[in-house]
Amino acid sequence: MNIGTQVMAKDGLGELNTEHPYTFLKTDPASGWATLVEFTTQTKGRRVHIHRLSRDVFLKAVDTPAGEQQIIVAPEQLSLPPWLSSIEGADLDELDLVRKGGKIPFRARTEQRYGYIAELLPRLHEILSAKNPFTIINAHARAMSPRQNRERLAEWFFAYVCYKRKLIALFPEFPNIGTYDKSDPKYSNTHFGVVSIHLSPSG
Amino acid sequence: MGSRRGPSFSKLEMILQRQGGVPKWGAEYTPANVMGDVDSPGRSRPLNIYAPPLGRWVHAQAKNESPFVHLALHCSLLFDLHEQKMLQFNPSAHPLSSHPHSKGLELPRLRGTLAVAEELNGLSRHPMVRAPKDHPHFPRKIFPFPYVGDFLLFFFDESGPWCVNWTIKLDIEDFKRTFKARYKPPTEKDRAQAEFRHEMEKRYYLDGWIPTHHLAGKMIDRELRINLKTIHYWWSRAPQEPKALLVEDEMIDWYRQQIPKIRIMFDMEKEAAAKFHTTVHDAKWILKKGIFARTVRVDLFRTVLDNLPLYPEGEDPFVRYGDWISRGQQ
């Protein structure tokens, strides 16, 4: 199991529930923890949760013979964070190429976010071994100029680390704009304009 | 609000107002068709691209044209670029003749599209428009309507200036059909019309020793296209703090020394910002602007991204695509 492998707890295990996928990050013999990450959407916005299991419990749950494992590798490994699932399989560069214009290229947007987390990346193991990983991330967010929102910075950091260190994981949640149900009768006289490039990249 | 597609007398007046008389250069140039003149088809994605050396926005009519605009602006020999350039129907001076770079040169004249069409036995194919019956000077008179070319590029090096004409389509097959019939089954008549159109443009410019290249969007390497588009963004904007301009040359020299070490791009930018006391944003701006302006040479056929290593130039894009910008035969 590698950094970024998405796993599921079949029958629940400790604080893990049965439905959500978790992303595996690290087992640490020194501290005796296994660290998993969960991305959720709550009323106040998206949040990152760190789940910690005893390393022995985790390894036992994984290393039992097939069919009896409590933690299994998720059958579908997503290449993008959950909030970008609508463009799963898409190529950011292709979207940039068919774009009409736009103030900032998508690449430059993701590069800007990368700039804010770049200093944290070499400290990944220190962060995961810390008692509360968010203390280090929050302190970094405060020290940035301009000062960064700590929840967002934590999300960028873990999204980048969990999804193969590709910049597309830092892409803002643009693809979901305007994807509400337009079949409602109240929109019958509404002209909706050109289809978003996220939905039809061929332009 | 856009107007009708196709030739009309009012459009002829508009094109002549924009491009008639002495050719204009730099910021004063106006393309024959600009974005918003006609309602473009729903699927097309026209793009305005800002070019600081020209001081104006270059109009790319469709997404397949924009990579060529970026490539042309990336070339350091380019001194002007005329998109949507009207082909003169009457005999006219060489397109370069009014520019100071051509001083003292003996340039051939162009015969005009009417003469070329006659040579090809296609005068009847040349578009004509009729003035309205209540026109104060020419009621109901027939006028030729000009063809419009895609891009005329102007280059300059130690042996003098030269021009190149680029015609761009989505697919190379599109040169064998007219725009009107692009979704219809091919017919011999339509093919003859399209071939006449392109042969006419080619011969029109050959009079002035200007080669014409038929290009399609996919002919430029994909990685180069996306790199140029992203880096153009940095090239076309100002720094965050004006003091970045003071250290620009020094920082470019430092970047040049760092490139052979193949470092992560963001690490270099961060170090440069600390060394020269600028913001990271401005350090980034200087590097990427330098890459676009070719003062820092990197491999643009590989992905150029902040989190990846930056490689020194392996192949020069203008060697790979050198044919497209080379001087015409006299």
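Is H198(B) buried or exposed? Keep that one in mind as you open this predicted model, and start by selecting the residue itself.

**Stop 1: H198(B)**

Colour chain B by secondary structure and look for helix α4, residues 188-206; H198(B) sits in that helix. With a relative accessibility of 8%, H198(B) counts as buried, because the cut-off for buried is under 20%. Now show what surrounds this histidine. Apart from neighbours within four places in sequence, H198(B) is in contact with T167(B), K169(B), F175(B) and H214(B). Pick F175(B) from that group and draw a distance between C-alpha atoms: F175(B) and H198(B) are 23 residues apart along the chain, and their C-alpha atoms are separated by 7.6 Å.

**Stop 2: Q84(B)**

Stay in chain B and select strand β3, residues 78-86, where you will find Q84(B). Check the backbone here: phi of Q84(B) is near 50°, a positive value in a residue that is not glycine. Q84(B) is another buried residue, at 7% relative accessibility.

**Stop 3: the two domains of chain B**

Zoom out until all of chain B is on screen, and give two colours to its domains: residues 9-219 for domain 1 and residues 222-320 for domain 2. How many residues does each domain of chain B bring to the contact? Domain 1 of chain B brings 15 and domain 2 of chain B brings 13. Measured out over C-alpha atoms, the centres of these two domains of chain B are separated by 34 Å.

Next, select H70(B), L71(B) and H74(B). Together they supply 48% of the area that domain 1 of chain B buries against domain 2 of chain B, more than any other three residues. The whole area buried between the two domains of chain B is about 1200 Å², and carbon and sulfur atoms give 74% of it.

If you go looking for salt bridges between domain 1 and domain 2 of chain B, the count is zero. There are, however, two residue pairs in polar contact across this interface. On the domain 1 side, highlight β1 (47-51) and α2 (66-74) of chain B, the elements that give two or more residues to the side touching domain 2. Helix α2(B) gives the most, with five residues. Colour that side of domain 1 of chain B by class and you get 10 nonpolar, four polar and one charged residues.

**Stop 4: where chain A meets chain B**

Bring chain A back into view and select the residues that touch across the two chains: 28 residues of chain A are in contact with 26 residues of chain B. The two chains bury about 2300 Å² between them, with 54% of it on carbon and sulfur atoms.

Which side chains should you click here to see a salt bridge? Try R222(B) and D91(A), which meet in one at 2.9 Å, N to O. In total, chain A and chain B have four salt bridges between them. The count of residue pairs in polar contact between these chains is eight.

Now highlight α2 (92-98) and α3 (106-117) of chain A, each of which supplies at least two residues to the side that touches chain B. Helix α3(A) gives the most, with six residues. By class, this side of chain A holds 12 nonpolar, five polar and 11 charged residues.

**Stop 5: chain A by itself**

Hide chain B. Chain A has six helices and five strands, and walking along its sequence you pass through them in the pattern β-β-β-β-α-β-α-α-α-α-α. Its C-alpha atoms fill a box of roughly 60 × 45 × 30 Å along the principal axes. Of the 203 residues in chain A, 44% are buried. Among contacts in chain A between residues at least 6 apart in sequence, 55% join residues at least 24 apart.

**Stop 6: two backbone details in chain A**

Select the loop between α5 (133-143) and α6 (150-162) of chain A, which holds P146(A). The peptide bond joining S145(A) and P146(A) is cis, with omega about 0°.

Then move on to the segment after α6 of chain A and select K164(A). K164(A) has a positive phi of about 60° although it is not a glycine. Turn on the surface to finish: K164(A) is exposed, with a relative accessible area of 69%.

How values were computed: Residues numbered from 1 in each chain as written. Chains lettered and ligands numbered in written order. Predicted model: local features only at pLDDT ≥ 70, side-chain atom pairs only at ≥ 80, totals over all residues. Heavy atoms only, no water. Domains from an automatic or database assignment. Contact = heavy atoms within 4.5 Å. Buried area = accessible area lost by both parts, 1.4 Å probe. Polar contact = N/O pair within 3.5 Å; in protein donor to acceptor, adjacent residues only side chain to side chain. Helix = DSSP H or I, 4+ residues; strand = E, 2+ residues; numbered from the N terminus. Nonpolar A, V, L, I, M, F, W, Y, C, P; charged D, E, K, R; others polar. Buried < 20%, exposed > 50% of the residue type's maximum accessible area, 1.4 Å probe, protein only.
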